[in-house]
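The following exercises practise the reading of a protein structure. Each task is followed by a solution in steps.

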Amino acid sequence: GYPRYRQVVQRTFVWGVLVMGLYGLLQFFSPPIWDQYWMLSAPITSIGSPEPFEVRVFSTSNSPGPFAVVMMAGLLSLLSGGGLLRWPAAGVGFASFLLSLVRSAWGAWVLGMVFIVARRGRLRQLAAVVVMGSIALPLLTVGPVAETINARLETVSNLEQDTSFVDRVTFYSEFLPQALLNPVGEGLGSTGLATKLSTPGGQLGEFSSFDSGFMHIPFVLGWPGSLLYVGGLIWLLFYVLRGGGPRSDPFADIARGIAIAMVAQLVFGNSLVSLSGMVFWSFLGLSLAARVHHANTASVVVKSPVYVNSSRLSQGARR
């Protein structure tokens, strides 16, 4: 049941964050030859240069974006437990997470933290973040690491000069009418790598890159499909957030926080599909399982006294 799934997910992410974090640091300081070959061969322009201190860390993933999403969820999940190993895992994981330079994942992590702490005043999780930050601090103050992260942080305060931000704003303003005014949608396979199937020579199509999940859904599914899809998603989120659960299960709130953080990333892309979608639907499912489990447990606890009292009454009547 849910307790067993919770335990397995916690253990998996402890080891996953540790291994991916260590490999990510190795990749940044001295990229292995196979990673250099991948960076030179893959058609990914935002992955950096295959030189020490020039890599945007992607660890065991194919690019920084998927790695940052998994690490974001992993770092949040460590707040619920995982033994002493979670502390060194969080230190190296947080450093590699920042070196991915994926600002959307950084913001999602902050949003998830705010949700978890504000949910019911879980100051214990906030204290855990402070401890994790203290462990990661020595790694973050190393010259090349600090310079790389600080340079990326400066782009947040200078958005007017940030080409990525400007391109995304332009995309929203120009493409919004086309995404919303097509009632039947373009259908599955009209975006992403699937566009190779409909273009001459197997080249990427016009909509191979789509920088908005909010527009991607109506563009692909149309009005009826979007209504059903988004309506079901909102209902699931409302059902999950309406249930609190006992304070003895912080993992339930952390799973909800990860799901909310993933939904927030729809601003930057469709985070409900592909690897990020696996993260979202997995933790949303765990949130649903937590609510059902705690509701059933509470029901048993409430019914137990009635059962005991009725048994005693029946015994007294026999006497």
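**Exercise 1.** Determine whether serine 274 is buried or exposed, and describe its backbone.

*Solution.* Step 1: the model is a predicted one, and in it serine 274 has a relative accessibility of 66%. Step 2: a residue counts as exposed over 50%, so serine 274 is exposed. Step 3: serine 274 belongs to helix H11, which covers residues 274-318. Step 4: its phi is positive, about 60 degrees, although serine 274 is not a glycine.

**Exercise 2.** Carry out the corresponding analysis for leucine 101: where is it found, and is it buried or exposed?

*Solution.* Step 1: leucine 101 sits in the loop that joins helix H4 (86-99) to helix H5 (103-120). Step 2: the phi of leucine 101 is near 60 degrees, a positive value in a residue other than glycine. Step 3: the relative accessibility of leucine 101 is 10%. Buried means under 20%, so leucine 101 counts as buried.

**Exercise 3.** State how many salt bridges the structure holds, and analyse the one formed by aspartate 249.

*Solution.* Step 1: there are two salt bridges in the structure. Step 2: side chains of opposite charge can pair when their charged atoms come close. Step 3: the partner of aspartate 249 is arginine 6, and their closest N and O atoms are 3.0 Å apart. Step 4: aspartate 249 lies in the loop between helix H9 (213-242) and helix H10 (250-264), whereas arginine 6 lies in helix H1, so this pair ties together parts that are 243 residues apart in sequence. Step 5: aspartate 249 is buried, with a relative accessible area of 3%, while arginine 6 is partly exposed at 21%.

**Exercise 4.** Describe the salt bridge between arginine 256 and aspartate 253, and explain how the two residues are placed along their helix.

*Solution.* Step 1: the side chains of arginine 256 and aspartate 253 meet at 2.8 Å, N to O. Step 2: both residues are in helix H10, three residues apart, so about one helical turn separates them. Step 3: arginine 256 and aspartate 253 are both buried.

**Exercise 5.** Classify the arrangement of two helix pairs, H1 with H3 and H9 with H10.

*Solution.* Step 1: the axes of H1 and helix H3 (residues 64-77) come within 9 Å and cross at roughly 130 degrees. This angle makes H1 oblique to H3. Step 2: the crossing of H1 and H3 is left-handed. Step 3: for H9 and H10, the axes come within 13 Å, with a crossing angle of roughly 160 degrees. Angles over 145 degrees count as roughly antiparallel, and H9 and H10 are therefore roughly antiparallel to each other. Step 4: the crossing of H9 and H10 is left-handed.

**Exercise 6.** Identify the residues that make the nonpolar surface patch of about 220 Å², and locate phenylalanine 29.

*Solution.* Step 1: the patch is made by Phe29, Phe53 and Val142. Step 2: phenylalanine 29 lies in helix H1, which covers residues 2-29. Step 3: the relative accessible area of phenylalanine 29 is 33%, so this residue is partly exposed.

**Exercise 7.** Summarise the protein chain as a whole: how many helices and strands does it have, and what share of its residues is buried?

*Solution.* Step 1: the chain has eleven helices and zero strands. Step 2: its pattern along the sequence is α-α-α-α-α-α-α-α-α-α-α. Step 3: of its 319 residues, 44% count as buried.

Terms used: Residues are numbered from 1 along each chain as its sequence is written. This is a predicted model: local features need pLDDT of at least 70, side-chain atom pairs count only at pLDDT 80 or more; totals for chains, interfaces and linings use all residues. Side-chain values use heavy atoms; hydrogens and water are left out. Patches are made of residues with over 30% relative accessible area and no salt bridge: like charges are joined within 9 Å, nonpolar side chains (Val, Leu, Ile, Met, Phe, Trp, Tyr) within 5 Å. Accessible areas come from the Shrake-Rupley method with a 1.4 Å probe; for residues, only the protein chains shown count as cover. A salt bridge is a side-chain nitrogen of Lys or Arg within 4 Å of a carboxyl oxygen of Asp or Glu. Helices (H or I, at least four residues) and strands (E, at least two) are DSSP runs, numbered from the N terminus. Buried means under 20% relative accessible area, exposed over 50%, partly exposed in between (1.4 Å probe, protein chains only). Axes are lines fitted to C-alpha atoms, for helices over the stretch in contact, and angles run from 0 to 180 degrees between N-to-C directions. Angles under 35 degrees count as roughly parallel, over 145 as roughly antiparallel, 65 to 115 as roughly perpendicular and the rest as oblique. A crossing is left-handed if the near helix is turned anticlockwise from the far one by less than a right angle, and right-handed if clockwise.
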